[in-house]
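Trainee: I'm new to this one and would like a close look at a single part. Could you take me through one buried spot and then connect it to what else is worth seeing?

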Amino acid sequence: MLKRLGFDAVFDTNFGADLTIMEESNEFVERFVHGKGEIPLITSCCPGWVDYMEKYYPEMIPHFSSAKSPHEMVGVLSKTYYAEKKGINPAKIFGVSIMPCTAKKYEITRIDDMYASGYQDIDVVLTTREFSRMIKASGIDFLNLPDSEPDNILGDYTGAGVIFGATGGVMEAALRTAYYLITGQNLKKVDIEETRGLEGIKTGKININGKEVRIAVAHGLANVASVLDEVKEAKAKGKEMPYHFIEVMACRGGCVGGGGQPYGATDEIRMKRASGIYTDDKNQEYRCSHENPFIKKLYEDYLGKPLSEKSHKLLHTHYKPRPLYNR
Ligand code: SF4
């Protein structure tokens with residue numbers, strides 16, 4: 001339906017979520033199985049949390065996944081892979097992200113890595129609240145516009161890409177792929193209930209190949225601080241880490257309750273949105289990011305493999321301690 005509003009091409013951020021999962025779950029396996037890097041690995045796709053971590057927990061930087069967030073991955077690929085395949089001059093592409101998130105506005109110029117295509121990878125972010133106001137102000141009957149498919153080659157997504165929007169969804173999606181990477185098989189049951197629901201901190205243990213993976217999922221920054229303090233304390237005392245993998249989302253409920261969403265979200269509304277997401281996941285032909293045929297083709301044709309040199313150049317970022325206020 002967005003094409004009816006004048007966009008020349010429309011990509012789905014859920015495809016970017018599948019790609020973020022591919023990179024992040026490979027990072028997890030590198031650290032957890034091969035000991036290359038700090039444990040726990042902490043997810044990085046929430047720019048509200050990235051900003052908080054750089055200011056308040058900079059000592060956690062080595063624990064952070066370097067994978068960019070989904071819309072940044074789509075942005076950089078639209079101006080490289082897509083532009084090359086379609087014969088479009090990337091200088092002529094203006095990328096607009098429609099996001100549930102006000103922090104994404106800051107993210108698109110956060111650091112030089114956000115210009116990895118040679119251009120600003122995403123040019124502007126509109127929140128869903130802003131976008132819906134623009135639609136209403138223009139008198140467009142949005143609900144009755146016919147549906148249309150996202151543009152390939154950056155197009156279709158899996159159930160794992162969809163659940164990114166709810167607290168616990170990134171962890172669940174990453175574990176589906178990490179399990180496959182470690183065992184060579186898909187989980188018999190891909191629904192991981194331990195990660196779901198609105199409890200502020202969710203913890204659990206997942207057995208992969210006889211090894212216990214301890215996970216924590218935190219949303220809302222007070223809950224995040226409490227999980228990080230546990231990790232810091234264990235580190236300071238030289239104890240075993242309480243978790244191997246931590247998912248963090250700054251907003252309560254995750255992006256379904258994001259700061260750029262229409263005002264008035266209650267827990268009931270958050271749960272309804274999350275429930276819609278899990279239904280969409282169940283209805284997908286593929287439910288794991290590594291099964292996405294477009295992702296497989298992207299790696300075959302362009303990136304080589306997850307964590308390759310090219311993947312690192314385009315799809316990863318880095319972090320630095322920042323002062324609370326710019327002087
Ligand atoms: S949880 Fe909130 S701050 Fe984080 S990406 Fe989602 S909407 Fe943005």
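Mentor: Let's start at G95, which counts as buried because its relative accessibility is 11%, and the cut-off for buried is under 20%. Keep in mind that this is a predicted model. You'll find G95 in the loop between α3 and β2, the strand at 96–99. Skip the neighbours within four places in sequence, and the contacts of G95 are K79, I122, D123 and V124. For a sense of distance, try I108: it sits 13 residues from G95 in sequence, and the two C-alpha atoms are 11 Å apart in space.

There's another buried loop residue to set beside that one. Y243 is in the loop between α8 (221–236) and β6 (245–249). With a relative accessibility of 8%, Y243 is also counted as buried, because that value is below the limit of 20%. Again leaving out neighbours within four places in sequence, Y243 has contacts with I39, P40, T203, R214, I215, A216, V227, E230 and V231. L175 is 68 residues away from Y243 along the chain, with 14 Å between their C-alpha atoms.

Now for the nonpolar interior. The largest nonpolar core has 59 residues, and the ones that touch the most other members are F28, I42, W49, M53, F245 and I246. Helix α7 (residues 169–183) is the biggest giver to this core, with seven residues. A separate core of 18 residues lies apart from it, and M22, L77, L298 and L303 are among its members.

Let's stay with W49 for a bit. Beyond four places in sequence, W49 is in contact with I42, T43, F64, V224, L228, V248 and A250. W49 also belongs to a cluster linked by ring pairs, along with Y52, Y56, Y57, F64 and Y319. So F64 turns up twice, because a contact within 4.5 Å puts it beside W49 and the ring cluster includes it too.

How many aromatic pairs are there? The count is ten. One of them joins W49 and Y52, a tilted pair with 6.3 Å from centre to centre and 40 degrees between the planes. Both residues belong to helix α2 (residues 47–56), where they are three residues apart, about one turn of the helix. W49 and Y52 are both buried. Y81 and Y302 make a tilted pair as well, with ring centres 5.1 Å apart and planes at 40 degrees. This pair ties together distant parts of the chain, since Y81 is in helix α3 (residues 70–86) and Y302 in helix α10 (residues 293–303), 221 residues apart. Y81 and Y302 are buried too.

Rings also have charged partners here. R196 lies over the face of Y278, 3.9 Å from the ring centre. K211 does the same over F32, at 4.8 Å from the ring centre.

Last stop, the ligand. The residues around it are C46, P47, G48, P100, C101, M249, A250, C251, G254, C255 and G258. Sorted by class, that shell has eight nonpolar residues, three polar ones and no charged ones. You've met A250 already: W49 is in contact with it.

Note on methods
Residues numbered from 1 in each chain as written. Predicted model: local features only at pLDDT ≥ 70, side-chain atom pairs only at ≥ 80, totals over all residues. Heavy atoms only, no water. Phe/Tyr/Trp six-rings, centres within 6.5 Å; stacked < 30°, edge-to-face > 60°. Helix = DSSP H or I, 4+ residues; strand = E, 2+ residues; numbered from the N terminus. Buried < 20%, exposed > 50% of the residue type's maximum accessible area, 1.4 Å probe, protein only. Lys NZ or Arg CZ within 6 Å of the ring centre and 35° of its normal. Near = heavy atom within 4 Å. Nonpolar A, V, L, I, M, F, W, Y, C, P; charged D, E, K, R; others polar. Core = buried A, V, L, I, M, F, W, Y, C linked by side-chain atoms within 4.5 Å.
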